[in-house]
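Dear colleague,

I am passing on the structure we spoke of, and below it you will find my notes on what turned up in it. Please read them with the model open beside you.

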Amino acid sequence: MTDAPDEVADLVPDDVPYSVPWRVATLVARVRETATAMTLELDVPGWRGAMAGQHVDVRLTAEDGYSAQRSYSLASPASMGAPGPASERVALTVQVVDDGEVSPYLTEDLQVGDLLELRGPIGNWFVWHPTDARPVQLVAGGSGLVPLMSMARTHVERGSSAPMRLLVSVRSPADALYADELDGLGPGVEVTRVWTRSGPPAWAGPVGRVSSELLAAACVPPDESPRVFVCGPTAFVEAVADALVDLGHDADLIRTERFGPTGT
Ligand SMILES: Cc1cc2nc3c(=O)[nH]c(=O)nc-3n(C[C@H](O)[C@H](O)[C@H](O)COP(=O)(O)OP(=O)(O)OC[C@H]3O[C@@H](n4cnc5c(N)ncnc54)[C@H](O)[C@@H]3O)c2cc1C
């Protein structure tokens, strides 16, 4: 989507509305989620709200002018359509990528009071609207939980009546994002965890990757025509989406987001 002249539109990535400006955000809080993941709460003057599932671009510029840009999903619940005055606060959860350029800086070096550039919200495809009462299935791999957590938080905050299930694949309890909050989401959002390396103490269930059998057992059945959102590393997203189609889910109802490398 763009409202730019044609010759400029060619320079703009497809899913970045041309009119979305860069804004200067201030880090107001850092919340440690795990040893390798941090939630960054940012004040963004002029922020006009977002839908659950959207992301932002973050741009860091060094003193010598070198700049790097990456995408991060919004962890905060949808603010568009929320009652009350528009909030200018957004939350991102960043998982460190070993040897990464931007994620170690965001999680370890950026301090409260520091500034960064941010633009968004971006993406109108991977979004869930709390006014949609149809069943929803969320499937997260690793930090792919972030935009799905925004959907689950929106579901709770708006008192949605849509049946929602969340399947989270995570290496071990030490890597689990939002662990306590997921346990307390309440009956409106049914959470199932899959441990791929090791489970909690006394865990007697299976340990391993998400399988077709597990998807069949834990997900909203295909005959209920759930809207499905799958997010995580590319290989995870492709394997899960393929398995869901094989299980009878309508491919047109499955939306995916891949957390592959981005930016420059
Ligand atoms: C739409 C979108 C939303 C995203 N949302 C989030 C989010 O909410 N939280 C979050 O932590 N990340 C998110 N990401 C990933 C994020 O944009 C960066 O790719 C990630 O933080 C790594 O950046 P880096 O500069 O640290 O690593 P880089 O310097 O870009 O890469 C270092 C090395 O790691 C590899 N690599 C890069 N990214 C990844 C990755 N995601 N997984 C595995 N290996 C990788 C590279 O190929 C390279 O070998 C999102 C990506 C997209 C496209």
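**The ligand and its surroundings**

A polar side-chain atom of Tyr72 lies 2.6 Å from an oxygen atom of the ligand, and I should say at once that the model is a predicted one. Ser103 offers a second approach of this kind, since one of its polar side-chain atoms is found 2.5 Å from an oxygen atom of the ligand. At Ser73 the backbone takes part, with a polar backbone atom 3.1 Å from a nitrogen atom of the ligand. On its own the ligand has 890 Å² of accessible area, and the protein covers 75% of that.

The shell around the ligand holds 22 residues, of which Arg70, Ser71, Tyr72, Ser103 and Phe259 come nearest. By character, the shell divides into 8 nonpolar, 9 polar and 5 charged residues. Where along the chain do the residues of the shell come from? At least two residues each are supplied by strand S4 (67-73), strand S5 (89-95), helix H2 (103-109) and strand S11 (254-258), and S4 gives the largest share, with 4 residues. Seen by domain, at least three residues of the shell are drawn from domain 1 (7-122) and at least three from domain 2 (136-261).

**The aromatic pairs**

A search of the whole structure finds 2 aromatic pairs. One of them joins Phe126 and Phe229, whose rings are 5.4 Å apart from centre to centre, with 90° between the planes, in an edge-to-face arrangement. This pair links distant parts of the chain, for Phe126 sits in the loop between strand S6 (115-122) and strand S7 (136-141), while Phe229 belongs to strand S10 (residues 227-232), 103 residues apart. Are these two rings in buried or exposed residues? Phe126 has a relative accessibility of 3% and therefore counts as buried, and Phe229, at 3%, is likewise buried.

The other pair is made by Trp195 and Trp203, whose ring centres are 6.4 Å apart and whose planes stand at 80°, so that this pair too is edge-to-face; the reason is that an angle over 60 degrees counts as edge-to-face. Here the two partners fall into separate classes of accessibility: Trp195 is buried, with a relative accessible area of 6%, whereas Trp203, at 37%, counts as partly exposed.

**Some individual polar residues**

Three further residues may deserve a look while you have the model open. Thr34 lies in strand S1 (residues 23-34) and counts as buried at 7% relative accessibility; its side chain reaches the backbone nitrogen of Ala37 at 3.1 Å. Thr39, in strand S2 (residues 37-43), is buried as well, with a relative accessible area of 6%. The C-alpha atom of Thr39 is separated by 6.5 Å from that of Ala91, although the two residues are 52 residues apart along the chain.

Ser172 is found in the loop between strand S8 (164-170) and helix H4 (179-183). What does the side chain of Ser172 make a polar contact with? The partner is the side chain of Asp175, at 2.8 Å, and Ser172 itself is buried, with a relative accessible area of 12%.

With best wishes

Note on methods. Residues are numbered from 1 along each chain as its sequence is written. This is a predicted model: local features need pLDDT of at least 70, side-chain atom pairs count only at pLDDT 80 or more; totals for chains, interfaces and linings use all residues. Side-chain values use heavy atoms; hydrogens and water are left out. A residue is near a molecule or strand if one of its heavy atoms lies within 4 Å of it. A polar contact is a pair of N or O atoms within 3.5 Å; within protein, one must be able to donate a hydrogen and the other to accept it, and residues adjacent in sequence count only if both atoms are side-chain atoms. Accessible areas come from the Shrake-Rupley method with a 1.4 Å probe; for residues, only the protein chains shown count as cover. Ala, Val, Leu, Ile, Met, Phe, Trp, Tyr, Cys and Pro count as nonpolar, Asp, Glu, Lys and Arg as charged, and the others, Gly among them, as polar. Domain bounds come from an automatic or database domain assignment. Rings of Phe, Tyr and Trp (its six-membered ring) pair if their centres lie within 6.5 Å; planes under 30 degrees apart count as stacked, over 60 as edge-to-face and the rest as tilted. Buried means under 20% relative accessible area, exposed over 50%, partly exposed in between (1.4 Å probe, protein chains only).
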